[in-house]
Amino acid sequence: MGVPPAQAVCGLAPKTQVQVPLGHPQGPEIIWGPFVFSGGGMPSHFLPFSALAPTGRCDNMPGMTSGTPNSRVDTSVPHSARVYDFLLGGKDNYLVDQEVAEALPPEGRVAALQNRAFMHRAVAYLAEQGTDQFLDIGTGIPTAPNLHQIVQGINPKARIVYVDNDPIVLRHAEALLISHPEGGTEYLQADVRKPGTILDAARGFLDFSRPVAVSLIGLLHFLPDDEDPRGIIRTFVDALPSGSHLVLTQGAADIDPDLGAEASDSYAKGGIRVALRTHAEALRFFDGLDLVPPGLVTASSWVAGEAPADPEPSGLYAGVARIP
């Protein structure tokens with residue numbers, strides 16, 4: 001069965017009124033949904049499009065949503081997505097999340113920024129190589145520029161499915177549905193520990209007969225071994241055709257063990273389990289796949305095909321691999 005056009009699925013249509021910034025033809029600021037991009041703050045791969053707004057629901061897509069909340073946000077316990085949002089400077093978090101984030105060593109904020117920057121570089125590289133379908137699992141609270149804004153700036157026809165299990169992300173899903181009219185975005189509220197559910201829903205929007213990039217950014221270190229992260233990854237990989245890619249980051253256990261233990265303890269006090277892994281353990285996530293150079297390296301070191309001469313210290317491993 002073919003993949004339906006984005007507008008038929010998600011009811012996306014141009015806004016009838018677009019705020020036009022002053023000065024430059026595109027202005028010192030670019031208005032995109034709820035986000036304001038400063039003129040110098042956009043990555044080189046991000047190109048602005050005409051503003052769009054969701055005008056309909058995706059009721060014909062099982063498991064998909066246009067962002068209407070249907071789950072309660074529990075503000076009494078911290079959530080890793082909201083802790084991450086706080087570390088990135090976001091405001092969609094609560095006191096319990098802030099307490100965990102503030103208890104982390106200062107490197108925790110640096111790691112969050114490095115994690116995000118790696119995602120930008122990795123998906124831009126894949127889009128430049130021709131990948132036009134992305135399944136982003138563990139999306140987190142929208143932080144501009146989001147994945148679709150990066151890849152659709154390179155290929156406006158790209159299609160993206162975002163997945164997260166935090167109800168607060170669902171509340172902000174409208175921001176993730178503001179797609180270029182030639183492409184499309186969708187949001188699925190689901191848990192990575194149920195990969196079959198995610199794949200079944202994603203097949204209604206992505207064409208799995210063609211390459212798909214699956215990204216698990218900043219997620220695997222919240223999946224201890226007893227939750228079978230390798231099995232989860234294998235389920236996704238086995239469902240993808242040749243030429244697809246796996247993109248991931250993993251907190252390191254062997255770069256600075258004392259710092260890693262301190263960060264893990266801070267999360268544990270908030271009831272969040274963390275599983276840092278050695279380079280050898282993280283490398284096993286890519287078993288049977290072809291790592292894109294420079295391979296599995298620290299997040300600040302990953303630049304496709306090369307390594308920076310003097311990367312900043314990082315406690316995250318990052319890699320991109322092709323499915324043969």
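Which residues form one aromatic cluster with Phe 118? Let's start there. The answer is Tyr 125 and Trp 302: together with Phe 118 they make up one aromatic cluster. Just so you know, what we have on screen is a predicted model.

Okay, aromatic pairs. This structure holds three of them. One is Phe 118 with Trp 302, an edge-to-face pair with 5.4 Å from centre to centre and 90° between the planes. If you look for these two along the chain, Phe 118 is in helix H4, residues 107-128, while Trp 302 is in the loop between strand S12 (297-298) and strand S13 (316-322). That's 184 residues apart, so this pair links distant parts of the chain. And how exposed are they? Phe 118 has 0% relative accessibility, so we call it buried. Trp 302 is buried too, with a relative accessible area of 1%.

Next one: Phe 222 and Tyr 267. Their ring centres are 5.4 Å apart and the planes are at 75°, so this pair is edge-to-face. Where do they sit? Phe 222 is in the loop between strand S9 (213-216) and helix H9 (229-238), and Tyr 267 is in helix H10, so the pair ties together parts 45 residues apart in sequence. Phe 222 comes out as buried because its relative accessible area, 18%, falls under the 20% cut-off. Tyr 267 is buried as well, at 11%.

Rings also turn up with charges here. Take Arg 159: its charged end sits over the ring of Phe 205, 4.1 Å from the centre of that ring. Then there's Arg 203, which lies over the face of Phe 208, at 5.3 Å from the ring centre.

Last stop, helix H3, which runs over residues 95-103. Which residues of H3 are buried? Those are Val 96, Asp 97, Val 100 and Ala 101. They cover an arc of only 135° around the axis, and that puts them on the same side of H3. The spacing makes sense if you remember your helix geometry: an α-helix has 3.6 residues a turn, so residues three or four places apart point the same way. Flip to the other side of H3 and you find Leu 95 and Glu 102, both exposed.

So what covers the buried residues of H3? The cover includes helix H2 (80-87) and helix H10 (257-269). You've met H10 already: Tyr 267 from the pair with Phe 222 is in that helix.

That's my tour, thanks!

Methods. Residues are numbered from 1 along each chain as its sequence is written. This is a predicted model: local features need pLDDT of at least 70, side-chain atom pairs count only at pLDDT 80 or more; totals for chains, interfaces and linings use all residues. Side-chain values use heavy atoms; hydrogens and water are left out. Buried means under 20% relative accessible area, exposed over 50%, partly exposed in between (1.4 Å probe, protein chains only). Helices (H or I, at least four residues) and strands (E, at least two) are DSSP runs, numbered from the N terminus. The arc is that of the directions from the helix axis to the C-beta atoms. Contact means heavy atoms within 4.5 Å. Rings of Phe, Tyr and Trp (its six-membered ring) pair if their centres lie within 6.5 Å; planes under 30 degrees apart count as stacked, over 60 as edge-to-face and the rest as tilted. A charge sits over a ring if NZ of Lys or CZ of Arg is within 6 Å of the ring centre and within 35 degrees of the ring normal.
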